[in-house]
Amino acid sequence: MRITLKVLMLGDFAVGKTSLVQRYVEHHFSSSYLRTIGVDIYTKEVIRNEGKDQYLFQIWDLSGDEEFRFFRHDLYRGALGGILAADLTRKETMRSLPKWIDECEKHAISNFRIVFAGNKLDLLNNDMTHPNIKFFMDITESWDYDKFLVSAKTGFGVDKLFLTLFEHVINI
Ligand SMILES: Nc1nc2c(ncn2[C@@H]2O[C@H](COP(=O)(O)OP(=O)(O)OP(=O)(O)O)[C@@H](O)[C@H]2O)c(=O)[nH]1
Ligand SMILES: [Mg+2]
């Protein structure tokens, strides 16, 4: 039997939501910015237990644009969790993480699983001592969610990010 698991990509515009999904599903990266209009849906098959358990990981890649806010609310229906992404080079995208969590609390199921992604690590030259990394760690500290520093460009941390979300949602 194949089970479908719906998850969402969340976070401000241009933080790299589409780039992260494309890296994970299609193994490529594009440096041009094509903003997502509304939503795009990607799927990835995940096989477990020597082929006995088959999952269709359905990833809804939402627009981060404020103008789609009301449209977005309906898309939470049926979603078990999401990746909440910020751009490590833009502090305002990290400051808006609490606003996204409020949105999840209002529109998602009560045990919606969130995993934080600090994206574009390559633009900090992969420097783990960069002050923006401390900023990201501090701002996400109040929640007991897993967090990952990633780069859609290099692929660093991306598989681990999605697999962690997958492990959280198969147990709901
Ligand atoms: N250097 C670098 N650039 C990135 C990375 N991830 C995304 N980008 C670039 O950032 C820009 C925005 O990426 P998108 O993936 O379209 O962002 P988004 O969050 O889907 O944006 P919306 O659909 O408008 O909400 C693009 O120019 C990407 O190439 C990364 O890890 N490193
Ligand atoms: Mg997008």
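Visitor: How many nonpolar, polar and charged residues does the shell around ligand 1 have?
Guide: This is a predicted model, in which local features need pLDDT of at least 70 and side-chain atom pairs count only at pLDDT 80 or more, while totals for chains, interfaces and linings use all residues. Residues are numbered from 1 along each chain as its sequence is written, and chains are lettered from A and ligands numbered from 1 in the order in which they are written. Ala, Val, Leu, Ile, Met, Phe, Trp, Tyr, Cys and Pro count as nonpolar, Asp, Glu, Lys and Arg as charged, and the others, Gly among them, as polar. By class, the shell around ligand 1 divides into six nonpolar, 11 polar and six charged residues.

Visitor: Which helix gives the most to the shell around ligand 1?
Guide: A residue is near the ligand if its C-beta atom, placed from the backbone, lies within 6 Å of it. Of the 23 residues around ligand 1, those that come nearest are Gly-16, Thr-18, Ser-19, Thr-36 and Gly-64. Helices are DSSP runs (H or I, at least four residues), as are strands (E, at least two), numbered from the N terminus. With three residues, the helix that gives the most to the shell around ligand 1 is α1, residues 17-26.

Visitor: At what angle do α1 and α6 pack?
Guide: Two packed helices are described by the angle between their axes and the distance between the axes. Contact here requires C-beta atoms, placed from the backbone, within 7 Å; Leu-20, Arg-23 and Tyr-24 of α1 meet Val-158, Asp-159 and Phe-162 of α6, a set of four nonpolar, no polar and two charged residues. Axes are lines fitted to C-alpha atoms, for helices over the stretch in contact, and angles run from 0 to 180 degrees between N-to-C directions. The axes of α1 and α6 lie 9 Å apart, and the angle is about 90°.

Visitor: What is the strand order of the open sheet of six strands?
Guide: Two strands pair if DSSP finds at least two bridges between them. β2 and β3 are antiparallel over 10 bridges, β1 and β3 are parallel over eight, β1 and β4 are parallel over four, and seven bridges join β4 to β5, also in parallel. The edge strands, each paired on one side only, are β2 and β6. With its mixed pairing, the open sheet has the order β2-β3-β1-β4-β5-β6.

Visitor: Which residue of β4 is the bridge partner of Leu-10?
Guide: Leu-8 of β1 stands opposite Trp-60 in β3, and its bridge partner in β4 is Gly-82. The residue of β4 opposite Phe-116 in β5 is Leu-84. In β4, the bridge partner of Leu-10 is likewise Leu-84.

Visitor: How many of the seven residues of strand β4 are buried?
Guide: A residue is buried if 20 or more other C-beta atoms, placed from the backbone, lie within 10 Å of its own, exposed if 12 or fewer, and partly exposed in between. On one side of β4, Gly-81, Ile-83, Ala-85 and Asp-87 are buried, as are Gly-82, Leu-84 and Ala-86 on the other. The strand is therefore largely enclosed by the rest of the structure, the number of buried residues being seven of the seven.

Visitor: Is Lys-120 buried or exposed?
Guide: Lys-120 lies in the loop between β5 and α5 and has a positive phi near 75° although it is a residue other than glycine. Because 25 other C-beta atoms lie within 10 Å, Lys-120 is buried.

How values were computed: Contact = placed C-beta atoms within 7 Å.
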